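Hello,

Here is the structure I promised to pass on. Please open it alongside this email; my notes follow below.

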Amino acid sequence: MITKLVISDLKRMKETGEKIACLTSYDASFARLQDEAGIDVLLVGDSLGMVLHGDKSTRNVTMDDMIYHTRLVNNVRQRALVISDMPYQSYTSTELAVGNAKRLVNEGGADIVKLEGGEEISDIITAIKNIDIPVCGHLGLTPQSFSTSDGFKVQATTEDAAEKLKQDALLIQQAGCDCMVFECIPAEVAKEVTQALNIPTIGIGAGVDCDGQVLVLHDMLGITGKKFRFLKNFLKGNDSITDAIKTYISEVKNKSFPASEHFF
Ligand code: KIV
């Protein structure tokens, strides 16, 4: 009998120092492999707009897209938690955000909904938490802010910007976030803010001291051919997708991924 992880397991992992292994997931076939390989969290990211649809940004992804892909992943996962992205302009008011968060949970089966932004969305985070839906924040590089990937650059590189990120992180934690993604920020900034928070952080391009790691599945399998500094192709040296995912999980857990060559 497989026991499904719950949010308190992520908090326990932060406390005990066990790293959280997360990958994006968009369909049942991959979700089954990922879940059976032992992934802790499946992120149905709005990166699916770029990865699956071939768009130049995540901005065309709709609520119906997110519900559809979340449902496919939720249909087969047995152990992993499912975080699902609230897409661009689906949380521009508290009323809209609450309705859409309910849809992701009720129609898609998400455990946690993820929103990009800091202080400016803290009321929205609180409104979603008030209806008992867990929330994941997303700071640093927030892809919904850009209409093409040209804007995708390392964030929080100045002292002021790093301090702003820290204040945003503390504010959205206070607003009710249960966990937080840090995307493309200097490793030292991610380390300091992770230590200042009570909730787990999951990094992508944010060094090894976040409480967990996430990569886009199709990037870490070498399918998209992207060559970002923070990426590693886990299919290299492995004979199967399952083995590549297992290697990723074990390198995250034993802290050998990300290595310093992947940091900013
Ligand atoms: O949409 C996504 O896949 C994400 C990750 C890159 C963190 O938000």
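**Aromatic residues and the barrel**

Phe264 is partly exposed, because its relative accessible area is 32%, and that falls between the 20% limit for buried and the 50% limit for exposed. Please keep in mind that this is a predicted model.

Phe264 has a ring partner. The structure holds 6 aromatic pairs. One of them joins Phe230 and Phe264. The geometry is edge-to-face, with 6.4 Å from centre to centre and 70° between the planes. The two residues come from distant parts of the chain, 34 residues apart. Phe230 sits in the loop between α9 (217–220) and α10 (241–253). Phe264 lies in the segment after α10. Phe230 is buried, because its relative accessible area is 8%, under the 20% cut-off. Phe228 joins these two rings in one aromatic cluster.

Now the barrel. It is closed by 8 strands, in the order β1-β2-β3-β4-β5-β6-β7-β8. The pairing is parallel. From one strand to the next, the twist averages 25°.

Strand β8 (residues 212–215) is a good place to look at the barrel in detail. Which neighbours does β8 pair with? On one hand there is β1 (residues 20–24), joined to β8 by 4 bridges. Here Leu23 stands opposite Leu215. On the other hand there is β7 (residues 201–204), joined to β8 by 2 bridges. There, Gly203 has Gln213 as its bridge partner. Both pairings run parallel.

Are the faces of β8 covered or open? Both are covered. Gly212 and Val214 are buried on one side, and Gln213 and Leu215 are buried on the other. In general, side chains in a regular strand alternate between the two faces of the sheet.

Elsewhere in the barrel, β4 (residues 112–114) and β5 (residues 135–140) also run parallel, joined by 2 bridges. Lys114 of β4 faces Cys136 in β5.

Last, a helix pair. Helix α7 (residues 159–175) packs against helix α8 (residues 187–196) at about 25°, with the axes 10 Å apart. The two helices are therefore roughly parallel, since the angle is under 35 degrees. Their crossing is right-handed. From α7, the contact uses Ala162, Leu165, Lys166, Ala169 and Leu170. From α8, it uses Val189, Glu192, Val193 and Ala196.

Best wishes

Key: Residues numbered from 1 in each chain as written. Predicted model: local features only at pLDDT ≥ 70, side-chain atom pairs only at ≥ 80, totals over all residues. Heavy atoms only, no water. Pairing = 2+ DSSP bridges. Axes fitted to C-alpha atoms, helices over the stretch in contact; angles between N-to-C directions. Phe/Tyr/Trp six-rings, centres within 6.5 Å; stacked < 30°, edge-to-face > 60°. Buried < 20%, exposed > 50% of the residue type's maximum accessible area, 1.4 Å probe, protein only. Parallel < 35°, antiparallel > 145°, perpendicular 65-115°, else oblique. Left-handed = near helix turned anticlockwise from the far one by under 90°. Contact = heavy atoms within 4.5 Å.
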